[in-house]
Amino acid sequence: MKRHHVFDSIGWWFALNVAAAILVTLLMIMAFVELAGVWGQPPVENAELIEQAAGIALTFDNVPAAERAQLARKLTSYAFDVQWYPQRDQVPISAEHNGREHDSRWGKLTHMLGRTNAGVLASSPDDLTAEAATTLHKYALAIELSDHSWIMFDTAQRSWGIDRSSRMVLTVLFVLLSSGIIASAASRRLARPVQRFAAAAETFGAGSRAEPLQLVGPLEIREAAAAFNAMQDRIQQLMDSRTEMLTAISHDLRAPLTRMRLRGEFIEDSDQQRKLFRDVDEMQAMVGASLAFFRLDGQQEPMTRFELAELIHTVVDDFRDMGHSVESADLMPLVYLGRPLALKRVLTNLVDNAVKYGSRARIALSAQDRQVTIVIDDDGPGVPPSLIPKLFLPFFRIEASRNRATGGFGLGLPSARSIIRNHGGELTLENRQPHGLRAIVILPITSGDS
């Protein structure tokens, strides 16, 4: 058995796609932070830290100096660190790179503190001074308390100048967008061979031989495609072998039936001769009907686009020419992709049953919900509900009305249902009220129909 590399599997493809999505997300965030300018790295005075810092500073002014270090540790959280410094020279922020300690930029902050002369120092991640480069690489804000000690707040998180909930929404949007881009590209690449596989299976299930699938995509999909190709070949060979066998049987049966008929010419009793000839003729007809049923000639007919309403009108006109009562409502124009000769045989069989057992037939055509519905009603006595499923069994007849003289050999409805199912549709029968039988043909509308 041929060995396959582990990286050739669907699992590896998915893992690679997830890693690519994460990488693209990180690159998008990095690009945004680098290119967004002031909005990506806002000045400290526009950050979310200001109001919180003012409130904490007012609290520290009312706390004894001995307790301030411990309180600072308690107030430290994932959002920012709080540190208290008794002396100005302990604060790791230089006044050279951000202006004077009493900068007018902090008027709002000093107003909240109630001390317009309070000192304020700040540091941003983009500060380029030598001292800043060796001390802080994050947002930091230091406020002078009333006793000239200092409290400092610092955080490595960039606020983008907006509140936390909005930042979370933006982050989620970035993740979804990048993941969506990767997932969309990857899913299309994975879905294409699966879609081709499904289309081939549908085509083969409808009775047409599908083109062999190309062995592309991940290992599992290639193996499934190879198995489908092999299965299709085996089934087609079995069907061909069955047809050849039945053809041979039919050919072999013709010879003894012909000899029986020739020998019957020497029977002097005319009544016995007539009975023998009738049996021989019936056997020959049964052989021919069985062979036509098992060949399923409709499967060999190519799919083509045709006007379905015109096909129905053709069947109606044929029966009217034979003197039968067949009605058709205003049939809507509909171009359908299917096998016209096979569908004509179906309609002919159903209309023939309707006029034979129900005196007349009425045909209606409708299309909705991606399917075509053909309804054929008659005015006959109907069929016992328990016998309706059996009507689709080969050689089954209801002796009361569908005998050999009028009902054939019981292969018409099974053959009709087989043709409809080969189109991906369904044929059903149901009784009408107060009497009559209704045949319902449902055919799917594919993308090739209009």
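1. Salt bridges first. A salt bridge here is a side-chain nitrogen of Lys or Arg within 4 Å of a carboxyl oxygen of Asp or Glu. By that yardstick the structure, which is a predicted model, holds 15 of them. One is between Arg115 and Asp61, whose closest N and O atoms are 3.6 Å apart, so the pair falls inside the 4 Å limit. Arg115 sits in the loop between helix H4 (107-113) and E2, while Asp61 belongs to helix H2 (residues 49-61), so this contact ties together parts that are 54 residues apart in sequence. As background, side chains of opposite charge can pair when their charged atoms come close.

2. Now the four-stranded sheet. This one is open, its strands come in the order E1-E4-E3-E2, and the pairing is antiparallel. Strand E1 (81-85) and strand E2 (120-123) are the edge strands; each has a single partner, so one side of each has no neighbour in the sheet. On average, neighbouring strands here are turned by 15° against each other, ignoring direction. If you want to check the E1 edge by eye, E1 and strand E4 (residues 150-155) pair in the antiparallel sense over five bridges, and Val82 stands opposite Phe153 in E4.

3. While you're around E4, have a look at His148. This residue is in the loop between strand E3 (139-144) and E4. The phi of His148 is near 70°, a positive value in a residue other than glycine. For context, most residues other than glycine have a negative phi.

4. Next, the five-stranded sheet. The order is E6-E8-E9-E11-E10 in an open sheet, with mixed pairing. Strand E6 (325-328) and strand E10 (426-431) are at the edges with a single partner strand each, so each has one side without a neighbour in the sheet. From one strand to the next, the twist averages 20°. Inside this sheet, strand E8 (residues 360-368) and E9 run antiparallel and are joined by eight bridges; Leu365 stands opposite Ile374 in E9.

5. A cis peptide to note. The bond between Gln433 and Pro434 is cis, with omega at about 5°. Pro434 is in the loop between E10 and E11. In general, most peptide bonds are trans.

6. Helix H11 passes a simple length check. With 19 residues at 1.5 Å a residue, H11 should span 27 Å, and its end C-alpha atoms are 26 Å apart, which agrees. Just after H11 comes Ser359, which takes a positive phi of about 70°.

7. Finally, the cavities. How many cavities of 30 Å³ or more does the structure hold? There are three, and the largest has a volume of about 110 Å³. Twelve residues line this largest cavity, and the closest to its centre are Leu350, Asn353, Asp378, Leu437 and Ala439. Which elements give two or more residues to that lining? They are helix H11 (340-358), strand E9 (371-378) and strand E11 (437-444). By type, the lining divides into seven nonpolar residues, one polar and four charged. So that you can place these elements, E9 and E11 are both strands of the five-stranded sheet, in the order E6-E8-E9-E11-E10, and H11 is the helix from the length check, with its end C-alpha atoms 26 Å apart.

How values were computed. Residues are numbered from 1 along each chain as its sequence is written. This is a predicted model: local features need pLDDT of at least 70, side-chain atom pairs count only at pLDDT 80 or more; totals for chains, interfaces and linings use all residues. Side-chain values use heavy atoms; hydrogens and water are left out. On a 1 Å grid over the protein atoms alone, a cavity is a set of points where a 1.4 Å probe fits but cannot get out, and a pocket is an open set with protein on both sides within 12 Å along at least five of seven lines; lining residues have an atom within 4 Å of a point. Grid points are joined across faces, edges and corners, and a volume is the space filled by probe spheres set on the points. Ala, Val, Leu, Ile, Met, Phe, Trp, Tyr, Cys and Pro count as nonpolar, Asp, Glu, Lys and Arg as charged, and the others, Gly among them, as polar. The expected span of a helix is 1.5 Å times one less than its number of residues. Two strands pair if DSSP finds at least two bridges between them. Axes are lines fitted to C-alpha atoms, for helices over the stretch in contact, and angles run from 0 to 180 degrees between N-to-C directions.
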